[in-house]
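Here is a colleague's note on the structure, written to be read beside the sequence and the coordinates.

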Amino acid sequence: MKSVVIQQPGQLDITERSRPEPAAGEVRVKVKLAGICGSDSHIYRGHNPFAKYPRVIGHEFFGIIDAVGEGVPAERLGQRVSVDPVISCGHCYPCSVGKPNVCTSLVVLGVHRDGGFSEYAVVPEANAWVIPDAIADEDAVMVEPFTIAANVTGHASPTEQDVALVYGAGPMGLTTVQALKGVYNVKQLIVVDRIEERLKMAQGCGADLVINNGNMNLQAVLEEKGIKPTLIIDAACHPSILPEAIALASPAARIVIMGFSSEPCQIVQQGITGKELSIFSSRLNARKFPVVIDWLQRGLIDPTKLVTHKFDYHHVADAIELFEKDQRQCCKVLLTFN
């Protein structure tokens, strides 16, 4: 079989490998589609501190189970599945309180263990979620990105009374926009970004108001309109955002941080306690695949609005370069395999 392997930072090869056999409790997935994420790019460029090399990247993938290991029912053969990349121990403190996404021995497919940019991938049976026949392949491959939004909104518990502000109209910001409007029907949804084309996509995903904060003062614009956000999502991950979000937030608001910035930011404690703000962080997903599959079945989200490009996996290097360099025209990029 062919696999996309990052041998070391900056070196990507399409390598012939032996087709893996599933061990006890595992299934083998014949991969059909996979999505490119920013973390794949970061591993390729050597900017992901968790990755070990060489590594088959890819943690957003969909396919068909074609082999099962010992202890796995034969009925699973032939099932269409989307794969949850989060592998956890199930017994540490985070796992015991429903947060396997921050398991003390966390393994993420495509980061710590070989992922889905391959013609075949072996995964734990419990991580292969059955996709109903009514859900199209190209929607199925997008389940994992939308679990990020499901995790964020699970922390924040949006309501129809919320005035929500989302920083960043990249892929993760846009999945969150769709969830806030399509699933939770928030009263007002504002999206902030510095790329006009991304803001237009945000409007298509349900944003009521978009603001280019590259040429406007966000605080002044919101004050002029009398807007006090009750829910703020940081999907842009810049150290300047959290202090600004604290200043903009309504009393009793919730703020959710999605990013992995290592740069420090300075905040004033009084701004948080004076309004009794709740600040959450969100990483990966905590068993949110059934949630997103349900959203898809009910037509509450539309992944096709995010997919802008599709490449055969042989052109993965070109696909990643496009993903990195063309943020105006490129949002979600899919790779086709079998």
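The points below take up strands, helices and nonpolar cores in turn.

1. The model is predicted, and every statement in this note should be read with that in mind.

2. The N-terminal strands belong to an open sheet of three strands, ordered β2-β1-β4, in which the pairing is antiparallel. The edge strands are β2 (11–16) and β4 (55–56), each of which pairs on one side only. Strand β1 (residues 2–8) is joined to β2 by six bridges in the antiparallel sense, and within this pairing Val4 stands opposite Ile14 of β2. Towards β4, strand β1 pairs in the antiparallel sense over two bridges, with Val5 opposite Val56 of β4.

3. The connection between β1 and β2 deserves a look of its own, since the two strands form a hairpin with two residues between them. Gly10, in the turn, has a positive phi of about 90 degrees.

4. Strand β6 (residues 80–83) is covered on both faces, with Arg80 and Ser82 buried on one side and Val81 and Val83 buried on the other. In a regular strand the side chains alternate between the two faces of the sheet. Strand β5 (residues 60–68) is antiparallel to β6 and joined to it by three bridges, and Gly63 stands opposite Val81 of β6. Three bridges also join β6 to strand β10 (residues 128–130), again in an antiparallel arrangement, and here Val83 stands opposite Ala128 of β10.

5. Helix α4 (residues 143–156) has 14 residues, which at 1.5 Å a residue should span 20 Å, and the C-alpha atoms at its ends are indeed 20 Å apart, so expectation and model agree. Twelve of the 14 residues are buried, and α4 is therefore largely enclosed by the rest of the structure. Among the buried residues are Val143, Phe146, Ile148 and Val152, but also Glu144, Asn151 and Thr153. Just after the helix, Ser157 takes a positive phi of about 45 degrees.

6. How is Ile148 of α4 placed, buried or exposed? Its relative accessibility is 13%, and Ile148 counts as buried because the cut-off for that class is under 20%. Leaving aside neighbours within four places in sequence, Ile148 is in contact with Met172, Met258 and Leu284. From Ile148 to Pro158, ten residues apart in sequence, the C-alpha to C-alpha separation is 15 Å.

7. Helix α1 (residues 38–45) packs with helix α11 (residues 316–325) at an angle of about 110 degrees, the axes lying 10 Å apart. With that angle α1 is roughly perpendicular to α11, because angles of 65 to 115 degrees fall into that class. The contact is made by Gly38, Ser41, Tyr44 and Arg45 on the α1 side, and by Ile320, Phe323 and Glu324 on the α11 side.

8. In soluble globular proteins, nonpolar side chains tend to be buried together. The largest nonpolar core here has 43 residues, and those with the most contacts inside it are Ile36, Phe61, Phe117, Val123 and Leu335. Apart from that core lies another, of 42 residues, which includes Ala156, Val166, Leu180 and Trp295. Ala156 is also one of the buried residues of α4.

9. Which residues does Leu335 touch, not counting residues up to four places away in sequence? They are Lys32, Leu33, Ala34, Ile36, Phe117, Phe311, Asp312, Tyr313, Val316 and Ala319. Ile36 and Phe117, found in that list, are also named with Leu335 among the residues with the most contacts inside the largest nonpolar core.

Notes: Residues are numbered from 1 along each chain as its sequence is written. This is a predicted model: local features need pLDDT of at least 70, side-chain atom pairs count only at pLDDT 80 or more; totals for chains, interfaces and linings use all residues. Side-chain values use heavy atoms; hydrogens and water are left out. Helices (H or I, at least four residues) and strands (E, at least two) are DSSP runs, numbered from the N terminus. The expected span of a helix is 1.5 Å times one less than its number of residues. Buried means under 20% relative accessible area, exposed over 50%, partly exposed in between (1.4 Å probe, protein chains only). Two strands pair if DSSP finds at least two bridges between them. A nonpolar core is a set of buried Ala, Val, Leu, Ile, Met, Phe, Trp, Tyr and Cys residues joined through side-chain atoms within 4.5 Å. Contact means heavy atoms within 4.5 Å. Axes are lines fitted to C-alpha atoms, for helices over the stretch in contact, and angles run from 0 to 180 degrees between N-to-C directions. Angles under 35 degrees count as roughly parallel, over 145 as roughly antiparallel, 65 to 115 as roughly perpendicular and the rest as oblique.
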